[in-house]
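Q: I would like a close look at a single part of this model, with the surroundings added afterwards and the cut-offs given as the terms come up. Please start from the pairing of one strand and work outwards.

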Amino acid sequence: MNQESTPYRYRRPSYRITLGGTDITPRINGRLINLTLREQRGLEADQLDITLADHDGALALPRRGAELQVAFGWQDEGLIDKGLFTVDEIQHSGSPDQLTIRARSADLRGQLPGKRTQSWHDLTVGEIVETIAKRHGLDPVIGKTLGGIRVGHIDQTEESDLNFLTRLGERYDAIAAIKTGHMLFTVAGEALTASGLAMPTIPLTRRDGDQHRYSSTDREAFEGVKAYWNDTSGAERKIVLVGSGDNAKQLRPTYASEADALDAAQAEWQRLQRGLAEFELTLAYGRPDIVPESPLTLSGWKPDIDATPWLVTEVQHSLNDSGFGTRIRCEVKGSEEEDQGEEENGA
């Protein structure tokens, strides 16, 4: 990037790391080789990797299970807190001697443990999520379009609440996540913070990025989605269709009601639409404010790229001797409008 054209050339990255509540930043200044944070959406744990120089053998090995609090950003703009992480892997190598610490987001470590069997019948999505959240001492944050959806029937059989929430989310194209004591259950792309506030749309221009990659697919050539449901009154199995019946993707489960089948078909159709294109961007200067589910607008690329509304699915921040950079991966942000489903008779 041409330094004469950017106002960021004097910015200096900074970070703060606490271990067990004690700020250890002064002790590791000058030792940091690399700090990488990979943030993912949903119930996949964020991963933190810190590599430190131990040339003099002065570093003590942290215990597994120790808690790290991490914040980073630009010195003159303030640091952004990235949350609490639990150390689950350490490695010492040499020479030269180095200590590598791997930690994962503490919000997900040990959360929603144990398997259970339970039938959920004639409840709203909001009621199900609230029940699970309270069971684990979490505050529920439920997307406005999801809370009132009525679920005819769904079984949880020898299944953890974590896995069940993921499966429930797949049925309604929702993202389940645990952040700072909150359980979030929102439509993919709804982009809510842990407090339930809408995330702001982030504009990026061509000069913000060093490298990019855009790819467009034919969504496996599917033109619609079919789902089966049991019509108990007529003792037959019926089909709902979203999109076109020509080369439609068929969902494997048979659902308890027409509404359940239609919700599942619409969710899968929306996922297929978001998979129409992908965009990856390596930012010349790190953006700690960009997180998964952030909506983006782009300008300065090809017209097709700029005209597409984007949604961040994964973020990787890196801080090392080369500076502070961010790499993002995006998918197409789905439209709020849904295709109407049609009903057919099934075998």
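Which residue of S19 stands opposite isoleucine 202?

A: Isoleucine 202 stands opposite leucine 296 in S19. The model is a predicted one, in which local features need pLDDT of at least 70 and side-chain atom pairs count only at pLDDT 80 or more, whereas totals for chains, interfaces and linings use all residues. Residues are numbered from 1 along each chain as its sequence is written, and side-chain values use heavy atoms, with hydrogens and water left out.

The pairing around leucine 296 can be followed on two sides of the description. Strand S13, residues 202-205, pairs with strand S19, residues 295-299, in the parallel sense over four bridges; strands here are DSSP E runs of at least two residues, helices are H or I runs of at least four, and both are numbered from the N terminus, while two strands pair if DSSP finds at least two bridges between them. S19 is also joined to strand S20, residues 310-320, by two bridges, and these two strands run antiparallel. In that second pairing leucine 296 stands opposite tryptophan 310 in S20, so that leucine 296 has a partner in S13 as well as one in S20, in keeping with the general rule that strands of a sheet pair through backbone hydrogen bonds, either parallel or antiparallel.

Just before S20 comes a loop that begins after helix H5 (303-306), and threonine 308 is found in this loop. Threonine 308 is buried, with a relative accessible area of 16%; buried means under 20% relative accessible area, exposed over 50%, and partly exposed in between, with a 1.4 Å probe and protein chains only. A polar atom of its side chain lies 2.7 Å from the backbone oxygen of aspartate 304. The C-alpha atoms of threonine 308 and leucine 296 are separated by 9.3 Å, the two residues being 12 apart along the chain.

Elsewhere in the chain, three strands form an open sheet in the order S9-S12-S11, with mixed pairing. Its edge strands are S9 (139-142) and S11 (174-179), each of which pairs on one side only. From one strand to the next the twist averages 15°, where axes are lines fitted to C-alpha atoms, for helices over the stretch in contact, and angles run from 0 to 180 degrees between N-to-C directions. S9 and strand S12 (residues 182-187) run parallel and are joined by four bridges, with valine 141 opposite leucine 184 in S12. Helix H3 packs on this sheet, touching S11 and S12, and its direction makes about 20° with that of S12; contact means heavy atoms within 4.5 Å.

Within H3, residues 161-171, the buried residues are Asp161, Phe164, Leu165, Leu168, Gly169 and Arg171. Seen down the axis of H3, these buried residues fall within an arc of 155°, so they line one face of the helix, the arc being that of the directions from the helix axis to the C-beta atoms. Asparagine 163 also lies in H3, but it is partly exposed, with a relative accessible area of 43%. A polar contact of 2.5 Å joins its side chain to that of glutamate 159 (a pair of N or O atoms within 3.5 Å; within protein, one must be able to donate a hydrogen and the other to accept it, and residues adjacent in sequence count only if both atoms are side-chain atoms). After H3 comes aspartate 173, whose phi is positive, near 50°.

Towards the start of the chain, strand S1 (residues 13-19) pairs with strand S5 (residues 67-74) in the antiparallel sense over seven bridges, and the partner of threonine 18 in S5 is glutamine 69. S1 also pairs with strand S2 (residues 22-23), again antiparallel, over two bridges. The hairpin of S1 and S2 has two residues between the strands, and glycine 20 takes a positive phi near 60° there. Threonine 25, in helix H1 (residues 25-28), is buried with a relative accessible area of 8%, and its side chain makes a polar contact of 2.6 Å with the side chain of aspartate 23. Leaving out residues up to four places away in sequence, threonine 25 touches Tyr15, Arg16 and Ile17.

As a setting for these parts, the chain has five helices and 22 strands, and 45% of its 347 residues count as buried.
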